[in-house]
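This report covers a pocket and the nonpolar cores of one protein model. The sequence and structure come first.

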Amino acid sequence: MPRPWRTGWPPTTWEELAEGRWQTPQPGGLDPFTPYPHRRLEAGCGNFAQLFREVKALGYTGSYSNVRDHLQPHRPACAQLPAPSAPTVREVTGWMTRRPDSLAEDERLQLKALPARRPEPRAACDHVRTFATMPTRLTGHDLTRWISEVRVNELPGISSFARGLEQDLDAVVQGLTSPWNSGSVEGRVNHIKMIKR
């Protein structure tokens with residue numbers, strides 16, 4: 001003989017039983033508490049964990065997922081992110097002094113976009129890169145021409161650097177044309193200083 005239904009259960013089909021439609025709302029439901037989190041959402045609080053804690057403090061005994069699922073469609077749209085800020089002097093200096101092939105694609109694009117705002121960065125970049133090739137290719141004989149070009153552009157930092165080079169021009173030209181240098185000695189001195197520290 002089939003087992004009788006327990007009292008209080010409404011008669012249902014097996015499909016409704018499987019889907020849980022026979023269940024009546026359980027105590028601890030969110031319905032009595034919904035006005036509060038909606039007011040908080042309108043006030044700008046989009047943190048569901050915070051809203052769950054606040055609703056729980058009001059007496060809600062249900063789960064966090066019920067609160068989250070109920071509030072998700074009502075979450076305020078996120079404000080648009082601010083436009084990317086202009087690169088810092090440090091970033092631009094890094095882009096200019098590094099080898100062009102070592103720059104990431106976005107860095108290359110940002111460096112290329114700089115002259116659109118002002119022409120000085122393009123000239124500064126060209127001067128820095130031209131000077132950077134002198135020690136690697138030993139083209140120190142081009143230094144006097146480079147200094148003349150820098151004077152024409154009158155870029156503050158680079159112009160003062162060029163004036164400093166002129167004070168001992170012969171030694172600088174020799175250093176930029178000779179394959180001999182004191183790099184290994186300087187490296188050893190730095191190593192000794194590091195050991196002392």
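## Second largest pocket

Lining the second largest pocket are Met 96, Thr 97, Arg 98, Arg 99, Pro 100, Asp 101, Val 128, Arg 129, Ala 132, Thr 133, Thr 136 and Arg 137. Two elements, α5 (89-97) and α7 (120-137), each give two or more residues to this lining, and α7 has the largest share with 6 residues. By class the lining holds 4 nonpolar, 3 polar and 5 charged residues. The space in the pocket is about 230 Å³.

A pocket here is an open set of points on a 1 Å grid where a 1.4 Å probe fits, with protein on both sides within 12 Å along at least five of seven lines; lining residues have an atom within 4 Å of a point. Helices are DSSP runs (H or I, at least four residues), numbered from the N terminus.

The model is predicted: local features need pLDDT of at least 70 and side-chain atom pairs pLDDT 80 or more, while totals for chains, interfaces and linings use all residues. Residues are numbered from 1 along each chain, and side-chain values use heavy atoms, without hydrogens and water.

## Nonpolar cores

The largest nonpolar core (buried Ala, Val, Leu, Ile, Met, Phe, Trp, Tyr and Cys joined through side-chain atoms within 4.5 Å; buried is under 20% relative accessible area, 1.4 Å probe) has 20 residues, and Leu 111, Phe 131, Leu 143 and Trp 146 have the most contacts inside it. At least two residues each come from α5, α6 (105-117), α7, α8 (143-153) and α9 (156-166). The most, 5 residues, come from α7.

Leaving out residues up to four places away in sequence, Leu 143 touches (heavy atoms within 4.5 Å) Phe 131, Met 134, Leu 165, Leu 169, Val 172, Val 173 and Leu 176. A second, separate core has 11 residues, including Phe 33, Leu 41, Phe 52 and Val 55.

Terms used:
Points joined across faces, edges and corners; volume = space filled by probe spheres on them. Nonpolar A, V, L, I, M, F, W, Y, C, P; charged D, E, K, R; others polar. Buried < 20%, exposed > 50% of the residue type's maximum accessible area, 1.4 Å probe, protein only.
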